[in-house]
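Colleague: Before I rely on the terms used for this model, I should like to hear how each was reached. Please set the values against the criteria as we proceed.

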Amino acid sequence: MPEVLEVERYRELAEGVVGRPVAKVVVPDPHCLADPTTQAGLRRALVGVPFERARRHGKLLLLDQPGVSLGLRFGMTGGLLVDEELAIDRLIYAPAEIGEQWIRFRLYFADGGQLSLHDPRRFGRVQLDPDESRLGPDVLSLTEGDLRTALAVRAGPGPALKARLLDQSKLAGVGNLLADEILWRADLAPDRPCASLDRTEERRLHRVMQRTLAELTERGGSHMGDLMDERHPGGHCPRDGTELVRTVVGGRTTFWCPGHQR
DNA sequence: TAGATTGTTACCGT
DNA sequence: CACGGTAACAATCT
């Protein structure tokens, strides 16, 4: 579920914990702790100190204290709970109830409130001072020049366009659904080599990308794209009716329209 | 029931 | 070194 749009919503929710001193750290599922973070380390670093900021870099949420950052990654099914409010879109992923058994990590605050990582599938991770240097520029504030740099190739045709959009070290925040939606809207085939794009196409991709992110934010998230309903075998292009092709690009299932994506 | 899944990382091969 | 392909991870849903 969480791509950049969802994590940005988590960040907004997490602003609600700024200024509140951490009273207790609970880790019902230590599996969620990313090396070398430990429960004892979290307690030592966080307890007694208030957060001063909620940040986001791509799909990584960061809660800063003076001198230390708490990083949260949400994997495929992670969600954030603050004071019993869950910041996920129930339209698409709607567990009947928020299962207490799926709370993997929780902070209690001195005022009695809490912040929790809710994650049925357990791909989410918690880490102190996560390495942000391996992330490219955040897609929500990406300039046209940033995109050109992200698509740049040393030699040869370069990787498939979609694979590059999914490469978090080049460009942080785009996931599988957003990548398909953006390329569909930009009339670009997902397997186009990066180096084959001309300046006009790069500019179009940048414009469509920003527009798509803004529009899907309005609609409620990554899963609200025009392509979503047709993302199944036999689905048709909402624009021209062509049967969509299902392939694998960049290791991920890809739906695209051979009728208008070139 | 078999198959698919919105993310990340490691590893192998070219 | 860059990149593709694959598997692994884990659990749930269609």
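Modeller: The model is a predicted one. One phosphate oxygen of DNA strand C lies 2.6 Å from a side-chain N or O atom of R122.

Colleague: What makes this pair of R122 and DNA strand C a polar contact?

Modeller: A polar contact requires a pair of N or O atoms within 3.5 Å. The pair formed by R122 and a phosphate oxygen of DNA strand C is at 2.6 Å, so the pair qualifies.

Colleague: Which other side chains have such pairs with DNA strand C, and at what distances?

Modeller: In R164, a side-chain N or O atom is 3.2 Å from a phosphate oxygen of DNA strand C. In R121, a polar side-chain atom is 2.4 Å from a base nitrogen of DNA strand C.

Colleague: Which residues are around DNA strand C?

Modeller: They are H31, W102, P120, R121, R122, F123, R154, P159, A160, R164 and G251. Of the atoms of DNA strand C that come within 4 Å of the protein, 65% belong to sugar and phosphate. By class, the residues of this surface are 5 nonpolar, 2 polar and 4 charged.

Colleague: Why is R122 called partly exposed?

Modeller: The relative accessibility of R122 is 34%. Buried means under 20% and exposed means over 50%, so R122 is placed in between, as partly exposed. R122 lies in the loop between β8 (114-118) and β9 (125-128), and its phi is positive, near 65°, in a residue other than glycine.

Colleague: Where is D187, and why is D187 also classed as partly exposed?

Modeller: D187 is in the loop between α5 and α6. Its relative accessible area is 24%, which is neither under 20% nor over 50%, and therefore D187 counts as partly exposed. Phi of D187 is positive as well, near 60°.

Colleague: How do you know that helix α5 is mostly covered?

Modeller: Of the 10 residues in α5 (residues 176-185), 9 are buried. These are N176, L178, A179, D180, E181, I182, L183, W184 and R185. Their cover includes α1, α4 (161-166), α6 and β11 (252-256).

Colleague: Why does E8, a residue of helix α1 (residues 4-14), count as buried?

Modeller: E8 has a relative accessibility of 16%, and buried means under 20%, so E8 meets the criterion. Leaving aside residues up to four places away in sequence, E8 touches R56 and L140. With R56 there is a polar contact between the side chains, at 2.8 Å.

Colleague: How are two packed helices described?

Modeller: They are described by the angle between their axes and the distance between those axes. For helix α3 (residues 144-151) and helix α6 (residues 199-219), the axes come within 10 Å and cross at roughly 115°. The crossing of α3 past α6 is right-handed.

Colleague: Which residues make the contact of α3 with α6, and how do they divide by class?

Modeller: From α3 there are E144, L147, R148 and L151, and from α6 there are R199, E202, R203, L205, H206 and M209. The contact has 4 nonpolar, 1 polar and 5 charged residues.

Colleague: What makes the peptide bond between D35 and P36 a cis bond, and where is P36?

Modeller: Omega of the bond joining D35 and P36 is about 0°, and the bond is cis. P36 is in the loop between β1 (22-26) and α2 (39-46).

Technical notes
Residues numbered from 1 in each chain as written. Chains lettered and ligands numbered in written order. Predicted model: local features only at pLDDT ≥ 70, side-chain atom pairs only at ≥ 80, totals over all residues. Heavy atoms only, no water. Axes fitted to C-alpha atoms, helices over the stretch in contact; angles between N-to-C directions. Helix = DSSP H or I, 4+ residues; strand = E, 2+ residues; numbered from the N terminus. Left-handed = near helix turned anticlockwise from the far one by under 90°. Contact = heavy atoms within 4.5 Å. Nonpolar A, V, L, I, M, F, W, Y, C, P; charged D, E, K, R; others polar. Near = heavy atom within 4 Å. Polar contact = N/O pair within 3.5 Å; in protein donor to acceptor, adjacent residues only side chain to side chain. Buried < 20%, exposed > 50% of the residue type's maximum accessible area, 1.4 Å probe, protein only.
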